[in-house]
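User: I would like to learn how to read a protein model feature by feature, with the general idea placed before each case. Could we begin with the way strands come together?

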Amino acid sequence: MKQHRKHSVIPVYLLILSIFISVTYLTSTVTTMVAEMIPMERSNTIIIDAGHGGEDGGATSCSGILESKYNLEIAMRLNDLFQLLGYRTLMIRTTDRSVYTQGETIAAKKVSDLKQRVKIVNETEDAILISIHQNTFSDSRYSGAQVFYGPEGESHALADTTQTALRGALNPDSNRTAKKADGIYLMQHIDCTGILVECGFLSNEQEEVLLRSTDYQKKICCVLGTTVATFLTK
Ligand SMILES: [Zn+2]
């Protein structure tokens, strides 16, 4: 298990988060001002994986929007926040595309895509993976964020902390607990601490409206950003 360096960054979160939440458009001047106030000595690279993409749209929401679109929007916001917090970040995709390198059929491309994501993660030193997805279920009553964890490093502890934070901030009526990422190829093959966050259910009409909104996406990112950053300073 890799040790994380301790940093005194907590008070800065309030400033960053207030800016992140209240300012719709961050000017480069504001971004530079904030970045200059943060000690730039993070030891981890935060890898942000926007799930699916391209031919693989993932789930379809009850209003007909593909999961891959929501994943990318939230991942891009999360990337901005981690950069403001002074972390090196790496996004597995920044556009609507898969990251496969070979394969003729959809199934073969999907296998190549997942292997490529694993390769990117495992080739990155001191990586922490946050994979962003959205949930769906045949019964539209279900809602709330769900966090899954991989087998390595501090994944289980980070998932527990993140699930608790998401429940407290976004889903106070939820009794969900973090789950082991059984059967999720990416999570089972990475060799670093990693969590996969299903931000909500696209099959629930009310939650899909929330997940579509800029404010709710920012709230999700604030919870994920502060939780992971605080976890890494311990
Ligand atoms: Zn997904």
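Analyst: Two strands are said to pair if DSSP finds at least two bridges between them. In this predicted model, strand 4 and strand 6 (residues 193-201) meet that condition, being joined in the antiparallel sense over 4 bridges. One position to look at is Tyr 149, which stands opposite Ile 195 of strand 6.

User: Which strand pairs with strand 1, and do the two run parallel or antiparallel?

Analyst: Strand 1 is joined to strand 2 by 4 bridges, and these two run parallel. Within that pairing, Ile 47 has Leu 90 of strand 2 as its bridge partner.

User: What is the order of the strands in the sheet, and which of them form its edges?

Analyst: The sheet is open and has 6 strands in the order 2-1-3-6-4-5, with mixed pairing. Its edges are strand 2 (88-91) and strand 5 (179-180), each of which pairs on one side only. As for what packs on this sheet, helix 3 touches strand 1, strand 2, strand 3 and strand 6, and the direction of the helix makes about 145° with that of strand 3. Helix 7 (residues 205-212) lies across strand 3 and strand 6, and runs at about 120° to strand 6.

User: How should I read the side chains along a strand, taking strand 2 as the case?

Analyst: In a regular strand, side chains alternate between the two faces of the sheet. Strand 2 shows this alternation, for Thr 89 and Met 91 point to one face and are buried, whereas Arg 88 and Leu 90 point to the other face and are not buried.

User: How many helices and strands does the chain hold, and what pattern do they follow?

Analyst: The chain has 8 helices and 6 strands, and read along the sequence they give the pattern α-α-β-α-β-α-β-β-α-β-α-β-α-α. Among contacts between residues at least 6 apart in sequence, 78% join residues that are at least 24 apart, while buried residues account for 51% of the 234 residues.

User: Which residues touch the most other members of the largest nonpolar core?

Analyst: In soluble globular proteins, nonpolar side chains tend to be buried together. Here the largest nonpolar core has 39 residues, and the members touching the most others are Ile 46, Phe 82, Ile 130 and Val 197. At least two residues each are supplied by strand 1, helix 3, strand 3, strand 4, helix 5 (155-169), strand 6 and helix 8 (214-233), with helix 8 giving the largest share, 9 residues. Another core of 14 residues lies apart from it, including Ile 92, Val 121, Cys 192 and Leu 196. To follow one member of the largest core, take Phe 82, whose contacts beyond four places in sequence include Ile 46, Ile 48, Ile 130 and Leu 224.

User: How many aromatic pairs are there, and what is their geometry?

Analyst: Planes over 60 degrees apart count as edge-to-face. The structure holds 2 aromatic pairs. One of them joins Phe 82 and Tyr 87, an edge-to-face pair with 5.8 Å centre to centre and 85° between the planes, and both of these residues are buried. In the pair of Phe 137 and Tyr 142 the ring centres are 5.4 Å apart and the planes stand at 90°, so this pair too is edge-to-face. Phe 137 is partly exposed at 45% relative accessibility, and Tyr 142 is partly exposed at 38%.

User: Where does Tyr 142 lie, and what does this residue touch?

Analyst: Tyr 142 lies in the loop between strand 3 (127-135) and strand 4 (146-149). Leaving aside residues up to four places away in sequence, Tyr 142 touches Phe 137, Arg 176, Phe 201 and Asn 204. From Tyr 142 to Gly 200 the C-alpha distance is 9.0 Å, although the two are 58 residues apart in sequence.

User: Which residues are the protein donors of the zinc ion, and how are they spaced along the chain?

Analyst: The protein donors are His 52 (NE2), Glu 67 (OE) and His 133 (ND1), at 2.1 to 2.2 Å from the zinc ion, and their spacing along the chain is H-x14-E-x65-H. His 52 belongs to the loop between strand 1 (45-50) and helix 3 (67-84), and Glu 67 to helix 3, so the pair ties together parts that are 15 residues apart in sequence. His 52 is buried, at 14% relative accessible area, and Glu 67 is likewise buried, at 3%.

Terms used
Residues are numbered from 1 along each chain as its sequence is written. This is a predicted model: local features need pLDDT of at least 70, side-chain atom pairs count only at pLDDT 80 or more; totals for chains, interfaces and linings use all residues. Side-chain values use heavy atoms; hydrogens and water are left out. Donors are N, O and S atoms within 2.8 Å of the metal (3.2 Å for Na, K and Ca); water is not among the atoms, so sites may look incomplete. Buried means under 20% relative accessible area, exposed over 50%, partly exposed in between (1.4 Å probe, protein chains only). Contact means heavy atoms within 4.5 Å. Rings of Phe, Tyr and Trp (its six-membered ring) pair if their centres lie within 6.5 Å; planes under 30 degrees apart count as stacked, over 60 as edge-to-face and the rest as tilted. Axes are lines fitted to C-alpha atoms, for helices over the stretch in contact, and angles run from 0 to 180 degrees between N-to-C directions. A nonpolar core is a set of buried Ala, Val, Leu, Ile, Met, Phe, Trp, Tyr and Cys residues joined through side-chain atoms within 4.5 Å.
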